[in-house]
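Here are a few notes to read alongside the model. They start with one residue and then turn to a sheet and its helices.

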Amino acid sequence: EEQEIVNLEKHPNFNWDFFAKETEESIYWLGFIAADGAVIGNPSKKLKLSIGLKHTDEPHLHKIAGLLNHGTVKQIDMTKYEGYIGDKRVKGGKIAKLEISSSSLCRPIVEQGITPQKTHSLELSEKLKKSRHFWRGYIDGDGSLSKLRTKAGNISTVFNLGGASKSVILDFNDFLEAHGISKATVKTRNYKNPFYILTLSGERARMAAELLYKDAC
């Protein structure tokens, strides 16, 4: 309560119940947060929303901050840090980050299955599993849609989705099948923990893109 009083005193237009309203926009952003964001803290105490992206994707953070009427987007230089993904050595880069401390904002997110420390254990609510708006947001965070030239010289549409929660990748496969698109093969890559990749190509990829993006806001 103390946290919310301070928030509303400083930011009287804060749209703290954004995720409690089930709109196309709010469900899209639930998908994006499930892929590229995090709820930090204890659901019975204080919660904070955190989203970190490549600095080139900073406009996306300004968009959600604008919808919430709250939060400051900051740039953080991580270029001095290095680490490993499997055997591959990677170097940090510049990132953009948005953090908002608000339990009232975060609780509806948690209620949909997007809980703290969700990376490998994300379990979606039944409502999110069936929503194209949710999947569009999730894919904008952790997926890609591109054109690939085949060995024969033809251009093929390729759709990829990756994640550390196998159940979420399988949920998307079920979503595709429910809309008449045959399931894709899911491959596993083992780093420190397994990572799952779903790939569609050709007609199936185009059908999935139309299902997710046609007439979307």
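1. Ser 165 is buried: its relative accessible area is 3%, and the cut-off for buried is under 20%. Keep in mind that this is a predicted model.

2. Where does Ser 165 sit in the chain? It is in the loop between β8 (155-163) and α7 (166-178).

3. What surrounds Ser 165, once neighbours within four places in sequence are left aside? The contacts are Thr 119, His 120, Ser 121, Leu 122 and Tyr 196. Leu 122 also appears in a polar contact: the Ser 165 side chain reaches the Leu 122 backbone oxygen at 2.9 Å.

4. Now the sheet. It is open and has 4 strands, in the order β1-β2-β6-β3, with antiparallel pairing. β1 (37-41) and β3 (73-77) are the edge strands, each pairing on one side only. From one strand to the next, the twist averages 30 degrees.

5. Strands of a sheet pair through backbone hydrogen bonds, in a parallel or antiparallel sense. Here β1 and β2 (residues 47-54) form an antiparallel pair over 5 bridges. Within that pairing, Gly 37 stands opposite Ile 51 in β2.

6. Which helices meet these strands? Helix α3 (residues 58-68) lies across β2, β3 and β6 (94-101), and runs at about 15 degrees to β6. Helix α4 (residues 103-111) packs on the sheet and touches β1, β2 and β6. The direction of α4 makes about 75 degrees with that of β2.

7. To check by eye: both α3 and α4 meet β2 and β6. For the loop, start from Ser 165 and its 2.9 Å approach to the backbone oxygen of Leu 122.

Terms used. Residues numbered from 1 in each chain as written. Predicted model: local features only at pLDDT ≥ 70, side-chain atom pairs only at ≥ 80, totals over all residues. Heavy atoms only, no water. Pairing = 2+ DSSP bridges. Helix = DSSP H or I, 4+ residues; strand = E, 2+ residues; numbered from the N terminus. Axes fitted to C-alpha atoms, helices over the stretch in contact; angles between N-to-C directions. Contact = heavy atoms within 4.5 Å. Buried < 20%, exposed > 50% of the residue type's maximum accessible area, 1.4 Å probe, protein only. Polar contact = N/O pair within 3.5 Å; in protein donor to acceptor, adjacent residues only side chain to side chain.
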